[in-house]
Amino acid sequence: MTIMTKQHVVTFVAKQGILIAFVLFMVGFAIANQRFIAMDNILGVVRSSAIIGVMALGVTFVVIGGNLDLSVGSMMSFSTIVVLDLHDKVGPAMAIPIMFALTLLLGAFIGFLVGYLKLNSLIVTLGMLSAIHGLTLTWSGGQNMDIADKSGTWFSFFGQDRLLGIPVPILVFGLLAVVLSLLLSKTAFGRQVYAVGGNGQAATFSGIPRARIVFLTYLVSSFCVATAGLLQASRSLGSQNTVGQGLELTVLAAVILGGASLLGGSGTVFKTVIGVLILGFIQNGLLLVGLDFYVQYMVTWAIIILAVWLDVAAKRGRLWSPIA
Amino acid sequence: MKMTMTAALACTTAMFGAAAAAQTTTIGITQNNVGVDSYQTTYERAFIAAAEANPDVDVIVLDAGGDVARQLAQMEDLIQQEVDVIIIWPTNGEAVIPAVRRAHNAGIPVVVTNSNIAEPGFDFIRSFSGPDNVTQGSRSAEIMCERFTELGIENEARVVQISGQPGYTTAIERQQGFDERLPEVCPNVTLVETQPGDWNRERSQQVMEAFLIKYDDIDGVYSGDDNMGIGALNAARAAGREGIVFVGATNFAVGYDAMAEGDYWGSIYQSPVDDAEAALQTAIDILNGEDVPFLNYFDTPKITQENMDEFTKPVF
Amino acid sequence: MTDPKPVLRLRDIVKTFPGVRALDGVSFDVRAGEVHALMGENGAGKSTLMKVLGGVLAPNEGQIFIGEDPVVMTSPKQAKAMGVMFIHQELSLADELSVAENIFLGELPLKSFGRVDWDKLYADTDRILETLNVGFDAKTRVGDLSIANQQMVEIGRALTVDPRAVIFDEPTASLTDAEKVVLFNVIADLQARGVGIIYISHRMEEIFKITDRISVLRDGQYSGTLNTAETNEDEVTQLMIGRSLDLSRNASHHQMGNVALEVRGLSCGRLFEDVSFDVRQGEVLGFYGLVGAGRTEIAETIFGLRTPSAGQILLNGQEVQITSPIDAIKLGISLVPEDRKDQGLVLGMNCKDNMSLPQVGRLTKGPFVSQGAEIAIFDKYRDKLDIRTPGWRQAVGNLSGGNQQKIVIGKWLSMQPEVLIVDEPTRGIDVGSKSEIHNLIRDLAAQGFAVIVISSEMPEVLHVSDRIVAMFAGRVMREFTSEEVTEDNLIQAISGIKEQGPAGHAAASHGIGQDKALT
Amino acid sequence: MTSQNRRDLIKQSGIWVFIVVELAFFSIVGNYLSVSDQAFMDFDNMLLLLKQSAPIGIIALGMTIIMINGNIDLSVGATFALAAIVLLDSMTWPFMQNLGNWAIPLAWGFALMTGVVLGAINGLIVWKTGVDAFIVTLGSMLGFRGLVFMYNGEQPTSHLNWTLVDFAEAQFLGLHTATWFLLGTALVLWLVTTRTNHGRNAYAVGNNRDAAVNAGIRVGPHIMWNFMLIGFLAALSAVVFYSESGSVNPNDGMLYELWAITAVVLGGTKLAGGYGSIIGTLGGVIAIQLLRKGLGHIGADTQTVNLVIGLILIAVLVMDRQLNRQGKEELKI
């Protein structure tokens with residue numbers, strides 16, 4: 001019986017570990033600094049997490065499908081620069097669809113390489129990280145991109161305005177989370193993504209077009225990246241070429257924190273949202289408490305490993321690895 | 001791609017005039033991190049343009065991508081290619097000293113540009129050409145203080161600072177200048193907190209958002225360059241906080257515009273074109289055997305809403 | 001020959017997992033020089049017992065004795081040091097390493113500074129390979145060997161030390177008859193050296209050929225030991241499942257319909273050539289042959305997983321082009337694949353989702369998958385196939401092998417196929433579930449399905465098929481009706497002998513006879 | 001045997017063919033595009049190539065064993081930076097300054113120890129928790145970098161010691177100090193992977209972990225040793241490099257993990273583990289440095305370099321896949 005209870009505790013903690021950690025963090029920070037739980041602050045954190053969050057939603061699809069996407073940061077820089085550049089050249093109404101089309105094209109290229117040519121996604125997206133950065137620099141000539149007339153454009157709506165008192169980026173993030181959550185959990189496509197990531201061979205034997213599904217996950221991912229680029233561009237109406245640099249790992253950390261397995265086949269959109277919020281609140285909380293930014297690095301380190309460890313422990317039913 | 005073309009053109013012209021080629025001199029430059037911001041990109045372009053305008057000079061333009069190891073390798077390559085002068089924009093003011101010494105020992109004069117190397121290396125360089133970052137920081141502090149005095153809050157104002165990428169000489173020196181000068185001119189102004197914004201507008205916007213939550217009373221923001229300053233300004237705008245004095249360094253086009261609109265108070269006017277041309281001219285002067293000053297600062301004046309008419313809008 | 005002194009004794013071994021008593025007081029002993037069969041249905045506790053014996057799991061209670069000494073096994077390495085060797089069912093070889101390195105994995109002969117003593121390694125390996133009488137050398141990369149030869153490498157491992165006990169876990173699963181002969185010779189040789197052998201297998205005919213005693217486990221409990229010479233299959237089966245089984249030849253003769261599937265001159269590179277056959281509605285067509293004879297590859301080609309180099313496939317008389325499983329499914333072909341875990345199921349998904357996977361695109365209501373329709377399908381086939389699971393939410397990875405197989409069959413039946421291909425329907429499934437699945441296949445045929453069954457087990461093929469296609473080295477050797485077929489002529493056909501030519505079979509039985517003599 | 005050799009030969013010669021192509025390309029194109037009068041294939045330039053390959057090269061060699069093992073280490077860049085900080089900072093400690101030049105080997109020792117300890121932390125977590133190495137080292141990439149920033153409050157750490165610089169710049173038998181370390185590391189690791197028990201076990205563990213466990217190999221400690229080894233090598237790389245440069249920015253070493261992995265993959269090591277070679281990695285490292293150097297030589301700019309390096313990586317994957325195709329009979333999964 002003692003084994004049973006210990007087992008139960010491990011399982012419970014492991015399954016709800018992320019939420020428990022989340023609550024503990026919130027309570028701790030709230031005690032340390034009252035402002036932490038002020039509505040303004042919470043909205044502020046969610047708003048500034050929105051861009052990473054939107055990207056994480058897309059990467060969730062890729063990871064559940066059994067692949068990685070390390071190119072999202074670089075690709076987000078591309079989207080941002082392109083839409084800002086086109087804004088003054090062809091106007092925002094044209095700039096946005098063109099930017100989406102170009103970003104989706106990049107996503108399609110990666111999807112083609114990983115899905116149809118079956119190349120290793122880690123290396124492909126690593127290569128694309130570098131290549132897309134080169135593309136962005138070529139596009140911009142290395143210059144910062146700024147919209148000339150900042151106060152006279154409706155383009156700032158996506159990043160700066162509020163609807164019903166809620167900042168638009170939060171609404172976009174929320175709406176996209178709901179839509180993608182339904183796509184993943186309720187549609188045939190979503191089910192096929194899980195199958196392909198869970199056991200690609202069995203998926204093929206079940207008549208699932210594996211290559212196409214993988215291809216589509218990268219399209220979803222690049223769509224999200226384009227959305228993030230739009231929010232980013234609209235938020236600051238100007239950007240440098242490296243705006244998304246390094247975000248790929250933050251995004252991946254959020255997705256992993258949310259419990260998606262790198263082996264594919266598991267994870268949900270909701271959990272990814274939690275993962276994103278945890279990272280956002282940690283960053284904000286540590287700043288408010290007055291700790292240096294690098295403390296955030298170490299806290300993130302600890303929390304990622306703890307979260308995944310608990311998840312792994314729950315699956316095998318024991319805390320420590322049985323490997324001798 | 002454009003660069004390759006330029007280089008190709010430079011080469012073909014060189015090949016057509018074999019006699020001329022004999023007289024041309026080759027200048028190699030290794031830059032810090034082109035593409036990370038407009039300043040460096042504009043610098044590179046201005047440098048190439050200036051070199052092209054001079055028929056006697058060929059240039060090899062390299063970019064270290066912010067990586068010290070790559071910059072050292074590029075120094076070695078330039079030495080190995082036996083260029084006549086090396087211009088270096090250090091990724092790290094101390095780490096490049098041995099490489100600079102090697103060039104010195106190989107008989108190649110070295111000009112440091114934009115951001116100086118540390119003192120132990122002074123023996124091995126012929127000249128430093130660039131802005132005086134410490135003075136820039138001091139001047140920013142003065143702009144800030146003068147504005148507070150105008151507003152009559154010089155005895156109570158609270159300031160936050162957003163510094164550049166941790167570890168970079170320019171960031172360190174500007175912060176140092178600001179930190180030292182502010183208490184001298186405005187002893188009662190408090191510098192509440194400093195956080196790095198990594199030369200990144202987005203990062204700076206996030207830092208400012210947190211500052212705004214944390215502190216109800218912020219009167220001034222000093223940022224290591226205008227790019228970050230605009231990020232901070234965006235955050236303040238979004239939070240509906242007005243009346244904050246924004247002062248930056250290295251006036252960017254966005255900063256200039258924001259000044260024109262009255263949102264941004266002041267900055268330091270520093271032209272990458274001047275920077276690049278000064279570096280190239282220093283190198284050419286050395287080749288021509290002219291005497292060059294060891295510290296060849298070009299002037300970086302204060303720019304505020306009040307005197308901005310005297311300056312043209314930065315191109316970057 | 002048999003030495004009564006036990007080399008290995010297990011006394012009252014108890015192993016519990018949370019909520020389960022996996023082993024409940026198991027005791028038996030293995031004598032020096034005997035072959036001791038360990039039998040039991042899947043889940044009866046055989047693998048847990050072997051893990052306890054191998055030091056992978058620690059027992060909660062009970063004692064292991066080696067010779068007369070009580071021991072506590074703490075690691076595989078220790079088990080090895082005590083002279084207890086394992087030959088695992090699932091090949092545990094490193095493909096990229098050489099045969100020699102695999103055989104001596106974990107105990108390469110060393111010189112100073114941890115350097116490998118290659119000369120000694122190759123010399124030792126050659127000596128072992130000689131005993132095994134195989135046609136490859138010590139330096140061959142294991143990944144380049146056939147599955148059967150890899151199995152021989154696995155067996156070679158047991159010969160690296162002077163073992164006191166060797167445990168063979170389903171060693172013949174992928175061996176040809178000739179290779180079995182070699183294996184049985186090796187076992188006989190070990191016996192002669194006084195080694196105790198535990199032989200785990202589901203294959204009755206082997207058990208009765210080579211073992212001395214049979215111990216049976218049921219539900220984690222020890223249910224008895226029998227002397228092989230004094231018992232029969234029925235008695236063993238009863239001990240295993242508590243009832244007897246009908247394994248008689250299929251006798252049903254229902255009405256057959258039109259030709260559902262016809263294959264003409266189908267070839268796929270060197271995998272198989274010029275294969276022609278047909279199968280009618282209501283008929284079960286058996287495919288029998290050795291592993292590697294091309295049976296699975298034919299199924300995969302029909303299902304669109306391989307591109308044929310020549311030939312035609314006709315469905316109901318119409319020639320069809322099948323380039324992917326999607327085409328095959330549309331045309332009403334279903335394939336229950338050979339490898340349940342790798343090809344049949346997504347283990348992390350629940351039962352319902354696995355079952356509806358091929359048609360999830362059709363079960364939509366608006367943009368979403370209709371859960372109601374899915375559950376209806378699951379419920380229907382759970383009842384029809386008698387799948388034992390707590391509910392559709394259960395992850396299939398938690399089900400027993402038999403129930404997993406039924407989920408795969410249910411998945412493909414729910415597609416309402418015209419042709420159902422079942423590859424190795426009962427691989428790794430215990431005796432009880434086996435006969436259920438056999439009955440199911442017969443029932444499907446009776447309902448008018450055209451069924452193709454591919455199997456490596458002769459009793460199975462004989463039991464379920466109306467006609468049997470015998471294959472050898474990528475070619476169809478002969479087709480038998482259930483009236484014509486005998487064990488003898490079937491074995492001859494799959495050994496590459498066209499018509500009555502007794503040589504191959506005679507050699508095989510002679511070999512087995514030899515083992516027996518040695519015992 | 002023969003089929004293995006042939007396969008290895010094709011796989012391993014690929015990278016060298018690529019290097020030859022690069023050399024030819026840059027030599028010919030360099031004649032037209034380069035401003036320099038010096039030939040690209042100048043002997044001194046090739047010596048420099050080896051020297052410049054060292055920082056990432058030494059790390060990549062260690063990464064090869066980690067990847068043969070079926071793991072990955074994303075934290076090497078941060079380990080590199082932290083070891084560098086310890087190296088330079090330790091020489092300013094009061095008791096070290098009294099030791100004169102004896103402080104140098106001691107400082108090296110401290111730096112190498114730092115690397116080993118950081119590696120051991122990674123290895124221990126991978127072993128004991130059973131969490132995938134990708135995630136563990138993704139975490140410690142952030143965590144170690146946090147330590148780097150913490151150590152000197154975001155400022156560069158500097159200590160210029162000319163004795164050290166002279167040693168690092170020395171050329172023995174024509175080869176630079178860094179080159180000796182690179183080649184020495186390659187030789188030792190080549191011997192380890194091809195000749196020793198530990199090396200052969202590394203292949204076995206990466207190839208089939210269960211088999212290794214069943215064979216009684218203590219997989220956990222084995223993996224930990226390898227992480228300690230790569231920690232050591234990341235630190236060695238830092239020691240070699242920073243002895244020469246004398247100052248470390250807190251951001252130094254960022255993205256080194258990605259370059260190292262790229263070199264290892266170019267060198268033919270399988271990401272899934274179980275297959276790979278030290279010599280191949282050496283080729284991969286040289287190929288990358290050659291590419292950087294060559295693009296600089298012909299005057300390509302930043303964006304072109306980024307684009308070309310990214311696309312070449314993908315092109316190599318495509319080629320590798322084409323070479324390893326089994327033909328039309330292949331199962332279409």
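## A kinked helix in chain D

The bend at a residue is the angle between two axes, one fitted to the seven residues ending there and the other to the seven starting there. With that in hand, turn to helix H2 of chain D, residues 43–68, in this predicted model. The helix has a kink of about 60° at D:Ala54, shortly before the proline D:Pro55. Just after H2(D), you will find D:Gly70 with a positive phi of about 90°.

How many residues of H2(D) are buried? The count is 21 of the 26, so the helix is largely enclosed by the rest of the structure.

## What H2(D) meets in chain B

H2(D) has a partner in chain B: helix H4, residues 68–80. The two helices pack with their axes 10 Å apart, at an angle of about 175°. Angles over 145 degrees count as roughly antiparallel, so H4(B) is roughly antiparallel to H2(D).

If you would like to find this contact in the viewer, look on the H4(B) side for B:Ala69, B:Ala73, B:Glu76, B:Asp77 and B:Gln80. They meet D:Asp44, D:Asn45, D:Leu48, D:Gln52 and D:Pro55 of H2(D). D:Pro55 is thus part of this contact, and is also the proline that follows shortly after the kink at D:Ala54. By class, the contact of H4(B) with H2(D) is made of four nonpolar, three polar and three charged residues.

## Chains D and B as a whole

Chain D folds into 14 helices and four strands. Its C-alpha trace spans about 70 × 60 × 35 Å along the principal axes. A compact globule of 333 residues would have a radius of gyration near 20 Å, and the 21 Å of chain D agrees with that. Buried residues account for 62% of chain D. Of the contacts in chain D with a separation of 6 or more, 79% link residues 24 or more positions apart.

Chain B has 11 helices and 12 strands, and its C-alpha trace spans about 70 × 35 × 30 Å. Here too the radius of gyration, 21 Å, agrees with the value near 20 Å for a compact globule of 316 residues. In chain B, 63% of the residues are buried. Among its contacts between residues at least 6 apart in sequence, 72% join residues at least 24 apart.

## Where chain A comes in

Which of the five pairs of chains in contact share the most contacts? That pair is chains A and D, with 39 residues of chain A in contact with 41 residues of chain D. On the chain A side, helices H5 (121–140), H9 (200–205), H11 (247–257) and H13 (293–316) each supply at least two residues. H5(A) gives the largest share, 14 residues. The side of chain A that touches chain D has 29 nonpolar and 10 polar residues, and no charged ones.

Chain A also touches chain B, in a contact that takes 26 residues from each of the two chains. The elements of chain B that give two or more residues to it are helix H3 (38–53), strand S7 (190–196), helix H8 (201–214), helix H9 (226–238) and helix H10 (253–260). H8(B) provides the largest share of that side, eight residues. The side of chain B that touches chain A divides into 11 nonpolar, 10 polar and five charged residues.

## A pair without contact

Chains B and C have no contact between them. Their closest C-alpha atoms are 35 Å apart.

Conventions: Residues numbered from 1 in each chain as written. Chains lettered and ligands numbered in written order. Predicted model: local features only at pLDDT ≥ 70, side-chain atom pairs only at ≥ 80, totals over all residues. Contact = placed C-beta atoms within 7 Å. Nonpolar A, V, L, I, M, F, W, Y, C, P; charged D, E, K, R; others polar. Rg over C-alpha atoms; globule rule 2.2 N^0.38 Å. Buried ≥ 20, exposed ≤ 12 C-beta atoms within 10 Å, placed from the backbone. Axes fitted to C-alpha atoms, helices over the stretch in contact; angles between N-to-C directions. Parallel < 35°, antiparallel > 145°, perpendicular 65-115°, else oblique.
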